[in-house]
Amino acid sequence: SADRAAAAWATQLPEGSARHAALEQVAITWANADLPATAGWVRTLPEGDSKQAATLGFAYEAARTEPMMALELASTSPPTRERDDLLVHSVSQWAGTDSTAAAAWAASVPDPSLRQHLLAAVAVASAEQDGAAAATLAVDGLVAGEEQDCTVVSVVQRWVQNSPQAAASWVSQFPDLPSREPAVQNLLALWAAQDAEAAGNWLRELPAGPLRNLGITAYDQALADRVRTSAVGM
């Protein structure tokens, strides 16, 4: 085939930027026509920067339809920032169709820092399909810190678009972690924009305490922002 011929030509090029670019382009083009054949070819390439370029190019294409194949191949590449970005992208794609399997795969990654990035990506990617599972993963699967805070906020932002009542119910049970405050703020800002009455009713039913006080402040801020936006648009 034309793809095999192009691959044979590219592999004859001397090591350097031209070979690097050619192998990457062949991998991308061929992957669109025949993923298994391209995967087999990429695996046979001699180790080096050109192989890594071809692997990453192929895996980004594969991630759209066969994220597991992309993860398996990318995992064989040397650990670089580009490789890790690809793993995050691929596991996010997988989480959109099978969050349980994607989370289990991410949890099995030995490198603790990379494992955190991957679990965070799974939580965010699966939040619209299963907000409760995504939120639980963000709280239980991640260590406390900035990444957990950002992930919790991202999960709430996505969850509240589809199921604000469910997201609010989860937030009301949320442990007193640093991420609780931005989670409540985002919940109320988005929910008040969708349905201010429902958000207000939920707030009124909360027992007196820090969570209710935080919620009222966020709700008032959300309403003030809406009024200011309306005034600017007039």
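A residue counts as buried when its relative accessible area is under 20%, and with that cut-off in hand the tour of this predicted model can begin at Val109.

**Stop one: Val109.** Select Val109, which sits in the loop between helix 7 (99-107) and helix 8; its relative accessible area is 11%, so Val109 is buried. Once residues within four places in sequence are set aside, the contacts of Val109 are Leu114, Arg115 and Leu118. If you then add Asp49 to the selection, you will see a residue that is 60 positions from Val109 in sequence and, from C-alpha to C-alpha, 24 Å from Val109 in space.

**Stop two: Ser126.** Follow the chain to the loop between helix 8 (112-125) and helix 9 (131-141), where Ser126 lies. With a relative accessible area of 4%, Ser126 is buried. Show the side chain of Ser126 together with the backbone of Ala123, and look for the polar side-chain atom of Ser126 that lies 3.4 Å from the backbone oxygen of Ala123. Not counting residues up to four places away in sequence, Ser126 touches Ala95, Ser99, Gly131 and Ala134.

**Stop three: Thr38.** Move next to helix 3, where Thr38 is found, and note that Thr38 has 0% relative accessibility and therefore counts as buried. Its contacts, leaving aside neighbours within four places in sequence, are Ala27, Trp30, Ala31 and Phe58; keep Trp30 selected, for the next stop begins there.

**Stop four: the aromatic pairs.** How many aromatic pairs does a search of the whole structure find? The search finds three, and two of them are visited here. In one pair, the ring centres of Trp30 and Trp41 are 5.7 Å apart and the ring planes stand at 45°, so the pair is classed as tilted. Because Trp30 belongs to helix 2 (residues 17-33) and Trp41 to helix 3 (residues 35-44), this pair ties together parts that are eleven residues apart in sequence. Both Trp30 and Trp41 are buried.

For another pair, select Trp159 and Trp170, whose ring centres lie 6.0 Å apart and whose planes are at 50°, so that this pair too is tilted. Trp159 is in helix 10 (residues 146-162) and Trp170 in helix 11 (residues 164-172), and the pair thus links distant parts of the chain, eleven residues apart. Are these two residues buried or exposed? Trp159, at 7% relative accessibility, counts as buried, and Trp170 is buried with a relative accessible area of 17%.

Methods. Residues are numbered from 1 along each chain as its sequence is written. This is a predicted model: local features need pLDDT of at least 70, side-chain atom pairs count only at pLDDT 80 or more; totals for chains, interfaces and linings use all residues. Side-chain values use heavy atoms; hydrogens and water are left out. Rings of Phe, Tyr and Trp (its six-membered ring) pair if their centres lie within 6.5 Å; planes under 30 degrees apart count as stacked, over 60 as edge-to-face and the rest as tilted. Helices (H or I, at least four residues) and strands (E, at least two) are DSSP runs, numbered from the N terminus. Buried means under 20% relative accessible area, exposed over 50%, partly exposed in between (1.4 Å probe, protein chains only). A polar contact is a pair of N or O atoms within 3.5 Å; within protein, one must be able to donate a hydrogen and the other to accept it, and residues adjacent in sequence count only if both atoms are side-chain atoms. Contact means heavy atoms within 4.5 Å.
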